[in-house]
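Biologist: I would like to go through this protein with you before I use the model at the bench. Could we take the strands before the overall dimensions?

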Amino acid sequence: MRLNLQSGDWEAELRPSLGGAITALRRRGVDILRPAPADARSPLDCACFPLLPWCNRVRDAHFRWRGTEVPLPRNFPPESSSLHGFGWQAEWQLASEGGFKCALRHEHDGGRGWPWAYEAEQRVRLGPKGCAITLDITNRADTHMPAGLGLHPYLRRRPETRVRFASAGMVVVDEALLPTGAVVDPSDLANWQGGALLPPRLIDHCFTGWEGSAEASDDLGTITVTARG
């Protein structure tokens, strides 16, 4: 199933069956997020997808919770970590659709590598100011459940793209992209606060003390991303 949302200058395309992914987001026909190819088979090829019930990497695909070892699937070979939870590799169901907005739902029964049942909902809404995405998760188990959630947008990137944001620190990662525990000044990589071109290396770090807003500017305009939760 493919969904198309429209509101004024804004349009979005979604593929619920492909990890609940947004496959395109445009304003006046100009891509804001990197569009997915028509034959995309992975959320990693899409414009944005949800992460839950954890996000980023869990080292060696297991963790300890309240005295119990919890094994996780190694879902991104050849990495030994477990990546981004279950939602991005699940088929989401359409809960509601209203032309300029929709709600998608994903449920987990408490098996297959995560011993807690949960329900998740992603709501996408277009309006005059752009696109708003809300992500919720509800524990349906009879015990406390650890959880993390987030979104994985791919903004368009052009040769002149400059990225601007403010944060207090940057967590250093090792070759497996896992945190070492060291925190350095974010300007070790680039002058993000002043607006910087992207350096010729992979940046896959956590920035601590982020103020909740970031900008990516190019010859087509400025994309502003804000987040709270």
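Modeller: Two strands pair if DSSP finds at least two bridges between them. Helices (H or I, at least four residues) and strands (E, at least two) are themselves DSSP runs, numbered from the N terminus. This is a predicted model, in which local features need pLDDT of at least 70 and side-chain atom pairs count only at pLDDT 80 or more, whereas totals for chains, interfaces and linings use all residues. Residues are numbered from 1 along each chain as its sequence is written, and side-chain values use heavy atoms, with hydrogens and water left out.

Biologist: How many helices and strands are there?

Modeller: The protein has 0 helices and 21 strands.

Biologist: What holds paired strands together?

Modeller: Strands in a sheet are paired by backbone hydrogen bonds, in a parallel or an antiparallel sense.

Biologist: Which strand order does the open sheet of 4 strands have?

Modeller: The order is E1-E2-E3-E4, and the pairing is antiparallel. Strand E1 (3–7) and strand E4 (30–31) are the edge strands, each pairing on one side only.

Biologist: And E3, what does it pair with through 6 bridges?

Modeller: Strand E2 (residues 10–15) is joined to E3 by 6 bridges, and the two run antiparallel. Within that pairing, Glu 13 has Ala 24 of E3 as its bridge partner. Strand E3 (residues 21–27) is also joined to E4, by 2 antiparallel bridges, with Arg 26 opposite Asp 31 in E4.

Biologist: What do the turns on either side of E3 look like?

Modeller: Both are hairpins. Between E2 and E3 there are 5 residues, and Gly 19 in that turn has a positive phi of about 65 degrees. Between E3 and E4 there are 2 residues, and there Arg 28 has a positive phi of about 50 degrees.

Biologist: Is E3 enclosed or open to solvent?

Modeller: E3 is largely enclosed by the rest of the structure, because 6 of its 7 residues are buried. Buried means under 20% relative accessible area, exposed means over 50%, and partly exposed lies in between (1.4 Å probe, protein chains only).

Biologist: Let us move to the C-terminal end. Which side chains of E20 are buried?

Modeller: In strand E20 (residues 213–218) the side chains alternate. Ala 214, Ala 216 and Asp 218 face one way and are buried, while Ser 213, Glu 215 and Ser 217 face the other way and are not.

Biologist: What are the neighbours of E20?

Modeller: Strand E15 (residues 162–165) runs antiparallel to E20 and is joined to it by 4 bridges. Strand E21 (residues 221–226) pairs with E20 over 6 bridges, again in the antiparallel sense, and a hairpin of 2 residues connects E20 to E21. Glu 215 takes part in both pairings: Arg 164 has Glu 215 as its bridge partner in E20, and Glu 215 has Thr 224 as its partner in E21.

Biologist: I may want to label Cys 206. Is it buried, exposed or partly exposed?

Modeller: Cys 206, in strand E19 (residues 206–208), has a relative accessible area of 44%, so it counts as partly exposed. Leaving aside residues up to four places away in sequence, Cys 206 touches Gly 169, Met 170 and Val 171; contact here means heavy atoms within 4.5 Å.

Biologist: Where are the cis peptide bonds?

Modeller: One cis bond joins Leu 52 and Pro 53, with omega about 0 degrees; Pro 53 is in the loop between strand E5 (50–51) and strand E6 (57–58). Another runs from Pro 77 to Pro 78, with omega near 10 degrees, and Pro 78 is in the loop between strand E8 (68–71) and strand E9 (82–83).

Biologist: What else is in the loop between E5 and E6?

Modeller: Asn 56 lies there. Its phi is positive, near 70 degrees, although the residue is not glycine. Asn 56 is partly exposed, at 38% relative accessibility.

Biologist: Finally, what are the overall dimensions?

Modeller: The C-alpha atoms fill a box of roughly 50 × 45 × 30 Å along the principal axes. The radius of gyration is 18 Å, which agrees with the value near 17 Å for a compact globule of 229 residues. That radius is taken over C-alpha atoms, and the globule rule is 2.2 Å times the number of residues to the power 0.38.

Biologist: How much of the protein is buried?

Modeller: Buried residues are 41% of the 229. Of the contacts between residues at least 6 apart in sequence, 54% join residues at least 24 apart.
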